[in-house]
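Student: I have a model open and would like to go through its strands and nonpolar regions. Can we take it step by step?

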Amino acid sequence: MIVKSLDDIIGTRDETSGNNWTSRRFIMKKDNVGFSLNDTIIKAGTTNFFWYKNHIEAVYCIEGEGEIEKLETGEVYNLKPGTMYLLNENDKHELRAKTQMRMVCVFNPPLVGTETHTKEGYYPLLTE
């Protein structure tokens, strides 16, 4: 059994940040469960391009408001607490945070934990 609290992660190497986001990594590849789980903060007023070409990501919004645009089609979806989206086609997308957003994110394959976005917006496949 694995039990962690946010207090166990904040300020450790399991907390990773970029210019517009902070990701707290609860479950990682080393846990050998087939997925990773993150608690991610997206800063208010930011526009973020992401493209997880190497991962499938499911995201559940628990705080804040924003929108996500599927760039291939121009479809825009509003995000608020209680909304989930799944990037099941490795979708290139733009996430626009109207307010600070807090998201629970699941990745498959699992993240190692030290990933940050490349210039192209994706996480590279890392080994431990």
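Tutor: What follows is a set of short questions and answers on this predicted model.

Student: In what order do the strands of the open four-stranded sheet lie?

Tutor: The sheet is open, and its pairing is antiparallel. Neighbouring strands are turned against each other by 20 degrees on average, direction ignored. Read across the sheet, the order is β4-β9-β6-β7.

Student: Which are the edge strands of this sheet?

Tutor: An edge strand pairs on one side only. In the order β4-β9-β6-β7, look at the two ends. They are β4 (47-51) and β7 (75-79).

Student: Which residue is the bridge partner of E67 in β7?

Tutor: Start with strand β6, residues 66-70. Five bridges join β6 to β7, and the two run antiparallel. For E67, the partner in β7 is N78.

Student: Which element gives the most residues to the nonpolar surface patch?

Tutor: The patch covers about 420 Å² and is made by I56, Y60, I62, M84 and L86. Two elements give two or more residues: β5 (56-63) and β8 (84-87). With three residues, the top contributor is β5.

Student: Is L86 buried, partly exposed or exposed?

Tutor: L86 sits in strand β8 and belongs to the nonpolar patch. Buried means under 20% relative accessible area, and exposed means over 50%. L86 has 41% relative accessibility, so the class is partly exposed.

Student: And N54: buried, partly exposed or exposed?

Tutor: N54 lies in a loop, between β4 and β5. The limit for buried is under 20%. N54 has 23% relative accessibility, so this residue too counts as partly exposed.

Student: What separates the C-alpha atoms of N54 and P81?

Tutor: Keep sequence and space apart here. Along the chain, N54 and P81 are 27 residues apart. In space, the separation of their C-alpha atoms is 27 Å.

Student: Which residues touch the most other members of the largest nonpolar core?

Tutor: This core has 18 residues. Its members are buried, under 20% relative accessible area, and are joined through side-chain atoms within 4.5 Å. Those touching the most other members are I42, L79, Y85, L95, M101 and M103.

Student: Which element gives the most to this core?

Tutor: The elements that give two or more residues are β5, β8, β9 (92-97) and β10 (101-108). Of these, β5 and β8 also supply the surface patch. The top contributor to the core gives four residues: β10.

Notes
Residues numbered from 1 in each chain as written. Predicted model: local features only at pLDDT ≥ 70, side-chain atom pairs only at ≥ 80, totals over all residues. Heavy atoms only, no water. Pairing = 2+ DSSP bridges. Axes fitted to C-alpha atoms, helices over the stretch in contact; angles between N-to-C directions. Patch = residues over 30% accessible without salt bridge, like charges linked within 9 Å, V, L, I, M, F, W, Y side chains within 5 Å. Areas by Shrake-Rupley, 256 points an atom, 1.4 Å probe, with all protein chains shown as cover. Salt bridge = Lys/Arg side-chain N within 4 Å of Asp/Glu carboxyl O. Buried < 20%, exposed > 50% of the residue type's maximum accessible area, 1.4 Å probe, protein only.
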